[in-house]
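Biologist: Please give me a close look at a single part of this model, starting from one residue and working outwards. I'd like to hear what packs around it and how the neighbouring pieces are arranged.

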Amino acid sequence: MNTQPFLEDAEDLYQNAPFGYMSMREDGLIVNINGTLLDWLGYDRDEIVYQKSFQELLGMGGKIYFETHIMPLLKMQGEVSEINIELKTKESTKLPALINAMRILGRSGYQPVYRFSVLDITQRKLYELELKKAREKAEQTVQRLKQVNQELEQFAYTASHDLQAPLNTISGLMSLLEQNGHFPAGSEGAKYFFLIKSNAQRMKMMIKDLLEYSKIDGKETEFEEVSLNEVCGIALEMIENQVKENNATFIIPELPSIDGDKIQLVRLFQNLFGNAIKYRSEAEPVINVEFEDKGDQITVFVKDNGMGFEQKHAGQVFGFMKRLHTHDRIQGTGIGLSACKRILEIHGGTIGVKSEQGKGSDFYFTLPKNYEKAN
């Protein structure tokens, strides 16, 4: 049987493999090397085989690592795998490589031979470098966004707080003018006075909501075990006048306790309850609170029989200062539901709504029972 073609194919595969291959003696002298590795290193075969040691292809750090780590492991274990090392080319450039090696025992009286497979990981190193740069850039962007958000929060708080004083002065002066009869009913002045007064009240409402929104801060959130029934009770106390004026009915079952910030959760339910009353239909408001236990989290539903809206606007209602109705029709600032979304994000939850024009709205939100486990 003629084995020559087989041997030629094997030699071709060895010489032109996508990996570099090399054999060396225990003293490091290279006794064989394939064409692929020669091309990577830029040497001719007669410049390497029985002419150079493997150590000569390494920088100073690589030589020390080879003598203190690679060779001792090869002698003790007979193999090493997945070793990152830099080889030095003929032009003294660096070739990042991943090597595997194993000891092949020779005939008695001969030195053992160590066979190396070498993978060029230049592209991998470039990718890792680019990935590192991208990660650093992303971290810088995140830090900058955090800084911008903090500055915006501080600006909103300061601006809102500073606006209250002159606005209170304007409101006080307008009340005095009204009390002193400077704007008789039906006069042109009374019409202008009404416009100024209503816009001043709208501005006060907006400042109040902005101040409340700026206080929703994840950094200062204090989590503890909170009874949602207690939270609902406090929220209803805070809108007691609104409830009585509209003869609203609330149906609240026994709710579970969760980890959360009580103040923020009260704000959450207060906004949802207030909205359910504000956007009432002609019928007296009836608000049902329900929940589903889903193991690590709960889903809470706040369902009303109000005016509702078209479902296509469901995403818009949670936008900052986004409203579906004009201020003249229904007063509001468009901050309440945005605040609800922010509170739930801080708690590791989500919020959504299903609604139909003239048939009420079902707001639903998730809350993890244990905040630490969820994060």
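**Around T299**

Modeller: Let's start at T299, which is found in strand β10 (helices are DSSP runs of H or I with at least four residues, strands are E runs of at least two, both numbered from the N terminus). Before going on, note that this is a predicted model, where local features need pLDDT of at least 70, side-chain atom pairs count only at pLDDT 80 or more, and totals for chains, interfaces and linings use all residues. Residues are numbered from 1 along each chain as its sequence is written, and side-chain values use heavy atoms, with hydrogens and water left out.

Is T299 buried or exposed? T299 counts as buried because its relative accessibility is 5% (buried is under 20% relative accessible area, exposed over 50% and partly exposed in between, with a 1.4 Å probe and protein chains only). Skipping residues up to four places away in sequence, T299 touches E290, F291, E292, K294, Y364, F365 and T366 (contact means heavy atoms within 4.5 Å).

Follow F365 from that list. Along with L268, F269 and F273, F365 touches the most other members of the largest nonpolar core, a set of 40 residues. A core here is a set of buried Ala, Val, Leu, Ile, Met, Phe, Trp, Tyr and Cys residues joined through side-chain atoms within 4.5 Å. At least two residues of this core come from each of α7 (228-238), α9 (262-278), β9 (286-293), β10 (297-304), α10 (336-346), β11 (351-355) and β12 (361-368). The most generous contributor is α9, with 8 residues. As for F365 itself, leaving out residues up to four places away in sequence, its contacts are L268, F269, L272, I298, T299, V300, V302, L344, T350 and I351. There is also a second, separate core of 29 residues, with L38, V49, F54 and V118 among them.

Back to α9 and its helix partners. Two packed helices are described by the angle between their axes and the distance between the axes. The axes of α7 and α9 come within 8 Å and cross at roughly 55° (axes are lines fitted to C-alpha atoms, for helices over the stretch in contact, and angles run from 0 to 180 degrees between N-to-C directions). That makes α7 and α9 oblique to each other; under 35 degrees would be roughly parallel, over 145 roughly antiparallel, 65 to 115 roughly perpendicular, and the rest is oblique. The crossing of α7 past α9 is right-handed, meaning the near helix is turned clockwise from the far one by less than a right angle, while anticlockwise would be left-handed. On the α7 side, the contact uses L228, E230, V231, C232, I234, A235, L236 and M238, and α9 answers with K262, L265, V266, F269, Q270 and F273. By class that is 11 nonpolar, 1 polar and 2 charged residues (Ala, Val, Leu, Ile, Met, Phe, Trp, Tyr, Cys and Pro count as nonpolar, Asp, Glu, Lys and Arg as charged, and the others, Gly among them, as polar).

Now for the other partner, α10. The axes of α9 and α10 come within 9 Å, crossing at roughly 145°, and α9 passes α10 in a left-handed crossing. Here α9 brings Q264, R267, L268, N271, L272 and N275, while α10 brings G336, L337, A339, C340, I343, L344 and I346. This contact divides into 8 nonpolar, 4 polar and 1 charged residues.

Helix α10 is largely enclosed by the rest of the structure, because 8 of its 11 residues are buried. The buried ones are L337, S338, A339, C340, R342, I343, L344 and I346. Just after α10, G348 takes a positive phi of about 80°.

One last stop is K369, in the loop between β12 and α11 (371-374). K369 is partly exposed, with a relative accessible area of 27%. K369 and K294 are 75 residues apart in sequence, but 9.6 Å apart in space, C-alpha to C-alpha. Beyond its neighbours within four places in sequence, K369 contacts I258, D259, D293, G295, D296, Q297 and I298.

For the wider setting, the protein has 11 helices and 12 strands, and buried residues make up 37% of its 375 residues.
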